[in-house]
Amino acid sequence: MEEFLKELPQLAKDKHKSHKDYFKRLKKKPPKHLDQAMQSLHDETFEEVDCLTCANCCKTTGPLFTNKDIERISKHFRMKPSVFIDTYLKIDEDKDYVLQSAPCPFLGDDNYCLIYKVRPKACAEFPHTDRKKFQQISHLTLKNVEICPAAFKIVEKMMLSIK
Ligand code: SF4
Ligand code: SF4
């Protein structure tokens, strides 16, 4: 995994144009079975990729925190939401709450998430490869393939199997 993570930014860069062109075609004419096919590719790929040997998403980027996330997580820490915000979060250019720094402060040395049960919705759903109408988030996926080995593999498999 370590080797692949090192190579991933360059691989994603090399494939960026073909991924972009592929998503452009997919958006124009998404196949009827896309949701089902994506679910299978997602499940199959996460059987092969072990997030605990990776944690690259938690190390390099962070999730958005919704108000519900903030309420739930601060309750977990028995902190006031305002104190939780001051301690861990900042507001980004889109006016969303994001982490003040990366790696995520809730990532353990063993790559386990210390707040797994109450983690932000965005973490639970990352890299969103099993969401419905996947073609609608191509801009996000083109970014995610730069950091997530599973997302990269899924897009590569899509290009071969979903025309
Ligand atoms: S979701 Fe992707 S980037 Fe995050 S740990 Fe799993 S494989 Fe790595
Ligand atoms: S909250 Fe947990 S899953 Fe989300 S980025 Fe931090 S360590 Fe990773």
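In this tour, Ala, Val, Leu, Ile, Met, Phe, Trp, Tyr, Cys and Pro count as nonpolar, Asp, Glu, Lys and Arg as charged, and the others, Gly among them, as polar. Keep that handy, and remember that you're looking at a predicted model.

**Stop 1: ligand 2**

Select ligand 2 and show what surrounds it: C58, P63, C104, F106, L107, C113, I115, P120 and C123. Color that shell by class and you get nine nonpolar residues, with no polar and no charged ones.

**Stop 2: ligand 1**

Now hop over to ligand 1. Its surroundings are V49, C51, C54, A55, N56, C57, F126, I147, C148, P149 and A150. Turn on the cartoon to see where these sit: the elements that each give two or more residues to this shell are α3 (56–60) and α8 (149–161). The class coloring here shows 10 nonpolar residues, one polar and no charged.

**Stop 3: the two domains**

Zoom out and color by domain. Domain 1 takes in 2–58 plus 126–161, and domain 2 covers 64–119. Drop a pseudoatom at each C-alpha centre and the two should come out 26 Å apart. For the contact itself, pick five residues from domain 1 and six from domain 2.

How much area is buried between domain 1 and domain 2? It's about 420 Å², and carbon and sulfur atoms give 61% of that. On the domain 1 side, select L52, A55 and C58: this trio supplies 95% of the area that domain 1 buries against domain 2, more than any other three residues. You've already met two of these names, as A55 is in the shell around ligand 1 and C58 is in the one around ligand 2.

What about the polar side of things? Looking for salt bridges across the domain 1–domain 2 interface turns up zero. There are, however, two residue pairs in polar contact between the domains, both at pLDDT 80 or more. The side of domain 1 that touches domain 2 is made up of four nonpolar residues and one polar, with no charged ones.

**Stop 4: a salt bridge**

The structure as a whole holds seven salt bridges. For one of them, select E156 and K15 and draw a distance between their closest N and O atoms: 2.7 Å. E156 lies in helix α8 and K15 in helix α1 (residues 2–28), so this pair ties together parts that are 141 residues apart in sequence. Helix α8 should look familiar, since it also gives residues to the shell around ligand 1.

Methods: Residues numbered from 1 in each chain as written. Chains lettered and ligands numbered in written order. Predicted model: local features only at pLDDT ≥ 70, side-chain atom pairs only at ≥ 80, totals over all residues. Heavy atoms only, no water. Near = heavy atom within 4 Å. Helix = DSSP H or I, 4+ residues; strand = E, 2+ residues; numbered from the N terminus. Domains from an automatic or database assignment. Contact = heavy atoms within 4.5 Å. Buried area = accessible area lost by both parts, 1.4 Å probe. Salt bridge = Lys/Arg side-chain N within 4 Å of Asp/Glu carboxyl O. Polar contact = N/O pair within 3.5 Å; in protein donor to acceptor, adjacent residues only side chain to side chain.
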